[in-house]
Amino acid sequence: MAQAEIGVIGLAVMGANLALNIAEKGFPVAVYNRTAETTARFHANAGELAGRVTPCATLAEFVAAIRPPRPVIIMVKAGDPVDQQIALLRPLLSAGDIIIDAGNANFRDTIRRFAELDGSGLTFIGMGVSGGEEGARHGPSIMVGGAAQSYARVEKVLTAIAAKYRGEACSAWLGPGGAGHFVKTVHNGIEYADMQMIAEIYGLLRDGLGFGAKEIGSIFGCWNEGRLNSYLIEITAAVLAAGDARTGRPMVDVILDRAGQKGTGRWAVIEAQMMGVPATAIEAAVAARSLSAMKDEREGAEALYGANSLRLDAGDRTKFVGELELALLAGKVAAYAQGFAVMATASKEFSWNLPMATIARIWRAGCIIRSQFLDTIASAFQSPAQPANLLVAPQFVTLMKEAHGPLRHVVSRSTLAGAPVPALAAALAYFDSYRQGRGTANLIQAQRDFFGAHGFEREGEPGTFHGPWGNPPSA
Ligand code: 6PG
């Protein structure tokens, strides 16, 4: 067999599917797993693709099987296992070989790994891969960070295995160093916000209007035909339509309301805070998952305060369902605006020169947040005058003018009923604060100067000023 074009280390779900995807697209691939039985089993189950797969029992065999300069994809658990794998590989690789970490790495670890390999002759790529198991097998969205010439070596393979949006591959080189993993982290932050807002709307339909899972599923199914069309809305409809084999009840009704999280959403929020970029809808979504995990405390507090009725005084129900659709759309615009603002600032801070339109384009298919909506975002960033924020991009101004009223109505009704909608409410507050020309920070500045002589600016006059705080106004 010809030498492999690329190698994959780690044959758990994501690695195995990525390797099959590579083989299916016609590229010979070498594979290695820590346990040789897993490698052998993978090869035995590869069916007609087995001929393009070289199973390797040792790392030395694996390295020898790949055409130099060797691109090696590591798809193991993020964190220490990646460092351990790099340490084992390093002595076997030669100058020019490329180690590609395709896991959900913290981009700060990626930056450190670049530095650790500096001067070794080896190169590194930090590659965000989105789309879960299905995506890895049939077309993920691929976000690459590293040297452009390293990407050139793997571009053909990555372009072939990536998802396609109207024929365009959803894979791109986004910048040097940690750029790819950073963009993947923000993708996940947006994913959290999107999912949380969908869950909040589900809650309003379930508790506020008293609909059953099946009816709610049909509503999401309908919305998927309109402007909310997206993978997450589509799977929400499918999830709500599924029944539990054991009880016959809707599956969603027997699932405990305690959400897991692996940390990528949290990283997005931490980085946003570090850079001073408001990402409140994403933050609300991460916090909502944490609060959901406090099941016992929540039950205790409900016993103490009594449960809210949650029934919405919604007026015309059909009209209100229409408002829910628009509210979700408005919330989504605000959350994506925040995510893109985080990336724009990071791009400057880390000198990545992130291509915003390209990011939106490679998220249109393959990844978890894929949607038509991202095509509109891509067009907003394509215009020569890059918008400072998606909220002021002409593509979204008309939409927000139409949708912020319904969002306001939904948030206020929910609040009166005691139904928590933290991400939607955060999105609304962000929108209202962002478009308020004169806010209330003048008082904050006065307080800061009062207690700490921190100084303030005066309207229409340059310089730093201090009170006299004892003086009553004379005018
Ligand atoms: C993707 C997903 C994927 C995964 C994350 C989120 O883009 O394919 O984001 O990376 O779903 O691990 O997981 P948590 O919800 O567990 O944080």
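Which residue follows H8, and what is the sign of its phi? In this predicted model, the residue that comes after H8 is Gly-210, and its phi is positive, near 75°.

The helix that precedes this glycine, H8, runs over residues 179–208. Its 30 residues, at 1.5 Å a residue, should span 44 Å, and because its end C-alpha atoms lie 42 Å apart, the computed distance agrees with that expectation. Of these 30 residues, 26 are buried, that is, under 20% relative accessible area, so H8 is largely enclosed by the rest of the structure.

Turning to the strands, the model contains an open sheet of eight strands, arranged in the order S3-S2-S1-S4-S5-S6-S7-S10 and with mixed pairing. Its edges are formed by strand S3 (53–56) and strand S10 (171–175), each of which pairs on one side only, while neighbouring strands of this sheet are turned by 25° against each other on average, with direction ignored. Strands of a sheet pair through backbone hydrogen bonds, in either a parallel or an antiparallel sense. Strand S6 (residues 123–130) and strand S7 (residues 141–146) follow the antiparallel sense, pairing over six bridges, and within this pair Met-127 stands opposite Val-144 in S7.

Helices also pack on the sheet. Helix H5 (residues 107–117) touches strand S5 (98–101) as well as S6 and S7, and its direction makes about 160° with that of S6. Helix H2 (residues 36–44) packs on the sheet through strand S2 (29–32) and the edge strand S3, and the direction of H2 makes about 160° with that of S3.

Technical notes: Residues numbered from 1 in each chain as written. Predicted model: local features only at pLDDT ≥ 70, side-chain atom pairs only at ≥ 80, totals over all residues. Heavy atoms only, no water. Pairing = 2+ DSSP bridges. Helix = DSSP H or I, 4+ residues; strand = E, 2+ residues; numbered from the N terminus. Axes fitted to C-alpha atoms, helices over the stretch in contact; angles between N-to-C directions. Contact = heavy atoms within 4.5 Å. Expected span 1.5 Å × (residues − 1). Buried < 20%, exposed > 50% of the residue type's maximum accessible area, 1.4 Å probe, protein only.
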